[in-house]
There are 2 protein chains.
Amino acid sequence: MEMLEEHRCFGGRQQRWRHHASTLNCAMTFTIFLPPPRDGAPPPVLWWLSGLTCTDENFASKAGAQRVAAGLGIALVMPDTSPRGDAVADDESYDLGQGAGFYLNATRQPWAAHYRMYDYLRDELPALIQSQFTLGDRRAISGHSMGGHGALIMALKNPGRYASVSAFAPIVNPCRVPWGEKAFTAYLGADRSAWTEWDSCALMYASRPEQAIPTLIDQGDNDTFLAGQLQPAVLAEAARQKAWPMTLRIQPGYDHSYYFIASFIEEHLRFHAQYLLK
Amino acid sequence: MEMLEEHRCFGGRQQRWRHHASTLNCAMTFTIFLPPPRDGAPPPVLWWLSGLTCTDENFASKAGAQRVAAGLGIALVMPDTSPRGDAVADDESYDLGQGAGFYLNATRQPWAAHYRMYDYLRDELPALIQSQFTLGDRRAISGHSMGGHGALIMALKNPGRYASVSAFAPIVNPCRVPWGEKAFTAYLGADRSAWTEWDSCALMYASRPEQAIPTLIDQGDNDTFLAGQLQPAVLAEAARQKAWPMTLRIQPGYDHSYYFIASFIEEHLRFHAQYLLK
């Protein structure tokens, strides 16, 4: 594991690392923020999954999360959004291939050789991070757009792993929107029955009551993708039927950009802190 | 004047505009943050000047200043760092030409045709902004690196215009460091006597007592440019001799990046607010 960058930030350390990801069969980078050391327990971790076209760096440089994370004593782990490199399959469009891994395990070629972001984020990267940094056991997860989808499916598919989950403008029902239909057809094939295990709405309908965790979703009502790609009300209806403790907030005037995320990231961090630090 | 982007951000509006700059003889962009409306006087303005290679967008997306500006009721104006376009002279290096205007008026060709950032920032852009937005009369100015140089010379050359000035890792003595020597030789010619009117240290030594304004400088001690290009102690000595009210803070462990700026921008905004809002 090789450190690419380190910056002091709000009294803590912002670092970027590169390592060989055996799950993905390529070199990967990730970014981590370590809050200032304090006495007592090591810091819990908030995982952040980014959206289409992003890398591990967008959230670190644009969201302004380190200020609050430093104050609360929470570490931030920011992975990349897909496998990378010349040997990794790609597509000319922004919503398929590199930068668009959709946090699943692909089963169709040419994607299946590398696109196993779900296994990478469930097993390999957490194990690596726990072995290299002094961090607590408690974790939460959040993300934006495709990364909001990733955060929700990680939480829904792994009961007990995360104390809480949140998302900004997540793709909640990828089986039924253009972004998801395109990606799932490529990565998983045309048989839609194979898609539902990667769909937050389907997963929530199939969930058991004891696996519910506190969930917060923020959605701007001036987001150009709201009606066509995001539709958080579909997940809210699933949460209602399942009595899942989910809050969906519609934020007037906000769009899909990092200015939206920056405006509300403090509230998300304080939401997670209730469960991470207790 | 054409609006390129608008985003809601911390309850205010983050906008990007393009206009024809007659001073520079080219199209220019600038970015502005308008805090949430409140009763009473229109918001005062903090001007932010960015560093080498930056545009009007870096500070807006990376510094996290909008949160504090929204809370205090201060507008932020973020100009570009040089004239732009295919018709504008440029250089292959990052520290000369486009992205490296050094906030001066060039007198040597091929630069003199467009590189008049000082006049643009002193006259044309403020007049345009005052005519297009409802803003108060009080202004302060800040910047980073080359933009810290810009902020300091704007304040030193225009007594009474700014209530306060601050800078992150500014180039304070460009006449005597490689960045400044290269740029000033190109833009102003080899005669060093023409350089001193663009040098904060020379300007401060020549200043009259009544033009002093509150000044704050932050400098990271892990900044790779500290010894060779920045040397804020040279300006601190000028301030001491002139009894100029300047605070120079050395921030341990911090480097030249936006992670440094993000970590201390709140303190700069609160510093300026003391003078802008009274």
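User: Why is the pairing of A:R84 and A:D80 called a salt bridge?
Analyst: The term requires a side-chain nitrogen of Lys or Arg within 4 Å of a carboxyl oxygen of Asp or Glu. In this predicted model, the side chains of A:R84 and A:D80 are 2.8 Å apart, N to O. That distance is within the cut-off, and the pair therefore qualifies. As to the basis of the model, local features need pLDDT of at least 70, side-chain atom pairs count only at pLDDT 80 or more, and totals for chains, interfaces and linings use all residues. Residues are numbered from 1 along each chain as its sequence is written, chains are lettered from A and ligands numbered from 1 in the order in which they are written, and side-chain values use heavy atoms, with hydrogens and water left out.

User: How do you know whether A:D80 is buried or exposed, and A:R84 likewise?
Analyst: Buried means under 20% relative accessible area, exposed means over 50%, and partly exposed is in between (1.4 Å probe, protein chains only). A:D80 has 3% and is therefore buried. A:R84, at 25%, is partly exposed.

User: What makes A:R249 and A:E267 a salt bridge, and which elements does the pair link?
Analyst: Their side chains meet at 2.7 Å, N to O, and so satisfy the distance rule. The pair links distant parts of the chain, with A:R249 in strand β9 (residues 246-251) of chain A and A:E267, 18 residues apart from it, in helix α9 (residues 258-276) of chain A. Helices (H or I, at least four residues) and strands (E, at least two) are DSSP runs numbered from the N terminus. A:R249 is partly exposed at 23%, and A:E267 is partly exposed at 38%.

User: Why are B:E266 and B:R270 said to be separated by about one helical turn?
Analyst: Both belong to helix α9 (residues 258-276) of chain B and are four residues apart, which is the reason for that description. Their side chains form a salt bridge of 2.9 Å, N to O. B:E266 counts as partly exposed at 24%, as does B:R270 at 42%. Elsewhere, salt bridges with shared partners join A:R116, A:D119, A:R122 and A:D123 into one network. The whole structure holds 32 salt bridges over all chains.

User: What makes the relation between chain B and chain A a two-fold axis?
Analyst: A rotation of 180° with 0.0 Å of shift along its axis places chain B on chain A with an RMSD of 0.0 Å. That is the relation of a two-fold axis. The superposition is by least squares on the C-alpha atoms of residues with pLDDT of at least 70 in both copies. B:K62 comes closest to the axis among the residues of chain B, at 2.4 Å (C-alpha).

User: How do you know through which surface the copies meet?
Analyst: Of the interface residues of chain B, 100% are also interface residues in chain A, so the copies meet through the same surface. Each side is defined by contact (heavy atoms within 4.5 Å), and the interface takes 22 residues from chain B and 22 residues from chain A. The two chains bury about 1700 Å² between them, 55% of it on carbon and sulfur atoms; buried area is the accessible area (1.4 Å probe) that two parts lose on being put together, summed over both. B:R8, B:F10 and B:Y259 supply 37% of the area that chain B buries against chain A, more than any other three residues.

User: How many salt bridges cross the interface of chain B and chain A?
Analyst: The rule finds zero salt bridges there, whereas 10 residue pairs are in polar contact, both residues being at pLDDT 80 or more.

User: What makes A:S166 and A:H272 a polar contact?
Analyst: A polar contact is a pair of N or O atoms within 3.5 Å; within protein, one must be able to donate a hydrogen and the other to accept it, and residues adjacent in sequence count only if both atoms are side-chain atoms. The side chains of A:S166 and A:H272 are joined at 2.8 Å, so the distance condition is met. A:S166 also has a side-chain polar contact of 2.8 Å with A:S142. A:S166 lies in strand β7 (residues 165-168) of chain A and, at 0%, counts as buried.
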